[in-house]
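I opened this notebook to look up a few things in the model, going from the annotated spans to the cysteines and then to the enclosed space. The entries follow in the order in which I made them.

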Amino acid sequence: MKQNWKIKPVLSTLIDICFSHIQVTKEKSFPKSMNETNHSQVTEFVLLGLSSSQELQPFLFLIFSLLYLAILLGNFLIILTVTSDSRLHTPMYFLLANLSLIDICVASFATPKMIADFLVEHKTISFNACLAQIFFVHLFTGSEMVILVSMAYDRYVAICKPLHYMTIMSRRVCIILVLISWCVGFIHTTSQLAFTVNLPFCGPNQVDSFFCDLPLVTKLACIDTYVVSLLIVADSGFLSLSSFLLLVLSYTVILITVRSRSSASMAKARSTLTAHITVVTLFFGPCIFIYVWPFSSYSVDKVLAVFYTIFTPILNPVIYTLRNKEMKAAMSKLRSRYLKSGQVLQS
């Protein structure tokens, strides 16, 4: 019994030594900031913006304010024209109006914040607002990709199967296509956000862009994000490339069909196709380059991000209205109607 009482203090001492060794090993393996806190330790990110030059800030503020105003006016004008003119109540213009709505959303998730940041020296964004930007950019861009594929399918049916066009592209089918585009965008952005929301952020918090771009934010995590970055690129790359390949296939079949015919209707089809192909190239080029091309630098990515978030939404209404006689006629009619109503109110 005496020996047992002597052994117990020895065992107790050994156990204390073992636990202290485990604790030291744990603290060496994981920084204290990662053990005791989670990603909420970084409560905000610093956006480096487009340029660090303070002299350029007022000029950039003016330029991007005008561009954003043009985006809103141009796309709202398309939506108003399509909804107010009964002759434009067709599947093609229904999808075009939804594209304009998505373009407004794409331009609005980050541009107002960027414009406001031109007036302040310290550009910050909260952690939750940063996650919100990541959520919305992938929601809207994913939806736009599917809408562009739907518009290509609409042109394929109109040109290759004209006798069955109204049967195939019924109002119900058009609504389903729009709902699918939003569902795909939601699934895509949810999968992307799942890679980021649980990452520990405890160190640097500077994002070299004017909004929280997912690859840039992921690189700021306190752990090795090589696998996560690969999953992000694979997810976005799969959606971008698959949508782009579907578009290329659709337009190739359409162009072959158009080439074999030489009527007035085919001339109109060629004009419409030129507008569609231009928009597809302008939108998918930067997206594929950013998420698929592995050797692009941050400065190049920043320029391309400006392109698909600002210049593409402003070019879409220009391309679809300048090359479309029906849209120009409907807009002229809409302008005449509002001018007449304004004259009646004044009198």
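Entry 1, spans. I began with residues 173-195, where the end C-alpha atoms lie 34 Å apart and the span is 100% helix and 0% strand, with helices (H or I, at least four residues) and strands (E, at least two) taken as DSSP runs and numbered from the N terminus. For residues 305-322 I found 100% helix and 0% strand again, with 25 Å between the end C-alpha atoms. Both spans come from the UniProt annotation "transmembrane region" in an unreviewed entry, which also covers 59-80, 92-111, 131-153, 238-258 and 270-293; such positions are given in the numbering used here, feature names are shortened, and annotations may be inferred rather than shown by experiment.

Entry 2, ground rules. I noted that this is a predicted model, in which local features need pLDDT of at least 70 and side-chain atom pairs count only at pLDDT 80 or more, while totals for chains, interfaces and linings use all residues. Residues are numbered from 1 along each chain as its sequence is written, and side-chain values use heavy atoms, with hydrogens and water left out.

Entry 3, overall. I listed 13 helices and three strands for the protein. Of its 347 residues, 43% count as buried, where buried means under 20% relative accessible area, exposed over 50%, and partly exposed in between (1.4 Å probe, protein chains only). Among contacts (heavy atoms within 4.5 Å) between residues at least 6 apart in sequence, 78% join residues at least 24 apart.

Entry 4, cysteines. Searching the whole structure for disulfides, I found two, a disulfide being a pair of cysteine sulfur atoms within 2.5 Å. One joins C130 to C212 with an S to S distance of 2.1 Å. This pair links distant parts of the chain, 82 residues apart, with C130 in helix α6 (residues 127-160) and C212 in the loop between β3 (206-207) and α9 (214-218). The torsion about its S-S bond is about -120°, so I recorded the disulfide as left-handed, and both C130 and C212 are buried.

The other disulfide joins C202 to C222, S to S 1.9 Å. This pair also links distant parts of the chain, from the loop between α8 (171-196) and β3 to the loop between α9 and α10 (226-259), 20 residues apart. C202 is partly exposed at 22% relative accessible area, and C222 is partly exposed at 24%. With the bonded cysteines numbered in sequence order, I wrote the pairing as 1-3, 2-4. I also checked C105, which counts as buried at 18% relative accessibility.

Entry 5, enclosed space. How many cavities of 30 Å³ or more does the count come to? I obtained two, where a cavity is a set of points, on a 1 Å grid over the protein atoms alone, at which a 1.4 Å probe fits but cannot get out, and lining residues have an atom within 4 Å of a point. The second largest cavity holds about 40 Å³, a volume being the space filled by probe spheres set on the points, which are joined across faces, edges and corners. Its lining consists of L47, G49, L50, M114, D117, F118, K123 and F210.

Entry 6, one lining residue. I followed D117 into helix α5 (residues 111-117), where D117 is buried with a relative accessible area of 6%. Leaving out residues up to four places away in sequence, D117 touches L47 and K123.

Key
On a 1 Å grid over the protein atoms alone, a cavity is a set of points where a 1.4 Å probe fits but cannot get out, and a pocket is an open set with protein on both sides within 12 Å along at least five of seven lines; lining residues have an atom within 4 Å of a point.
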